[in-house]
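Grab your molecular viewer and a coffee. Let's work through a few exercises on internal cavities and a helix.

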Amino acid sequence: MKLRQKIMSVASILLLIILFAGCGKNKLSDESTAERIKQSDKIVWGVKNDTKLFGLMNIETRQVEGFDIDIAKAITKEILGSSKKADFVEVTSKTRIPLLKNGNIDAIIATMTISDERKKQVDFSDIYFKAGQSLLVKKGSDVKTVADLNNGKTVLAVKGSTSAENIRKAAPQAKVLELENYAEAFTALQSDQGEAMTTDNSILMGMAAENPGYVLTGGNFTDEPYGIAINKGQKEFQVQINQALEKITKDGTYNKIYKKWFNEESK
């Protein structure tokens with residue numbers, strides 16, 4: 001009986017040690033991001049690799065290129081002194097927040113719409129790109145506006161994006177087919193699995209530029225500004241990003257990058 005009590009006491013002590021050890025161990029995402037990037041001398045950005053104009057992998061150079069990439073480099077230069085101190089990790093609409101929460105990346109700059117729902121999980125920078133949701137269709141399509149989707153037509157969207165939520169509200173009678181990423185959604189549009197594809201107008205503009213047989217239609221039916229997402233509670237890092245954004249806007253760097261990718265002046 002005494003032996004059993006001793007074993008139970010030892011087991012209880014070991015359990016307490018394990019629990020206290022776990023409590024004392026901080027997650028990487030809970031540490032100061034501003035301090036971490038200062039120590040590592042780099043900023044790890046979560047970016048898209050499949051989004052024309054914003055973040056797209058160049059097959060020849062094996063480098064990701066786009067508006068988001070250049071803005072991230074400009075911000076990194078302002079904070080750490082060199083654009084070469086920007087590292088990039090591929091994310092999707094589904095993986096970007098988990099990767100941020102786990103501390104795998106320091107910030108997300110990946111065509112990410114600022115929303116009240118997302119603000120429950122992350123903090124955002126000031127708006128860095130004004131976007132709105134639109135529709136992409138084949139030339140000659142009878143879909144001219146969002147209202148035309150209510151006749152039982154199928155619209156394609158990406159899983160985990162606000163686009164799928166918004167189109168259900170704007171066209172409640174439409175059928176919504178959700179795909180893993182933009183490439184799959186556009187392939188589905190090409191193979192007539194849906195009459196329209198929906199996401200931010202900026203992304204659809206890139207697709208239309210590469211595929212002359214497709215056009216944007218109906219204008220924007222939402223206001224979907226993009227922000228840079230960081231872990232909650234990282235006020236110092238948030239201030240650094242906002243100050244850098246303000247600086248590159250005032251000195252013309254932002255407009256130069258905007259014109260490079262969209263062939264027009266920023267508004």
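Below are three exercises, each with its worked solution.

This is a predicted model, where local features need pLDDT of at least 70, side-chain atom pairs count only at pLDDT 80 or more, and totals for chains, interfaces and linings use all residues. Residues are numbered from 1 along each chain as its sequence is written, and side-chain values use heavy atoms, leaving out hydrogens and water.

**Exercise 1.** Work out which residues line the largest cavity and where it lies.

*Solution.* Start with the term: on a 1 Å grid over the protein atoms alone, a cavity is a set of points where a 1.4 Å probe fits but cannot get out, and lining residues have an atom within 4 Å of a point. The lining consists of S93, R96, T111, M112, T113, R118, S161, T162, S163, Y182, T199 and D200. Next, the domains: domain 1 (33-130 + 225-262) and domain 2 (131-224) both contribute residues, so the largest cavity lies between them. Those bounds come from an automatic or database domain assignment.

**Exercise 2.** Find the residues that line the second largest cavity, and place it too.

*Solution.* Pick out K48, D50, V91, T92, S93, V158, E180, N181 and Y182. Again, domain 1 and domain 2 both supply lining residues, so the second largest cavity sits between them.

**Exercise 3.** Identify the buried residues of helix α5 (residues 162-170).

*Solution.* Buried means under 20% relative accessible area with a 1.4 Å probe, protein chains only; helices are DSSP runs (H or I, at least four residues), and strands are E runs of at least two, numbered from the N terminus. T162, S163, A164, N166 and I167 pass. Finally, look for partners, with contact meaning heavy atoms within 4.5 Å: these buried residues pack against β8 (133-138), β9 (154-158), β10 (175-179) and β11 (196-200).

Notes:
Buried means under 20% relative accessible area, exposed over 50%, partly exposed in between (1.4 Å probe, protein chains only). On a 1 Å grid over the protein atoms alone, a cavity is a set of points where a 1.4 Å probe fits but cannot get out, and a pocket is an open set with protein on both sides within 12 Å along at least five of seven lines; lining residues have an atom within 4 Å of a point.
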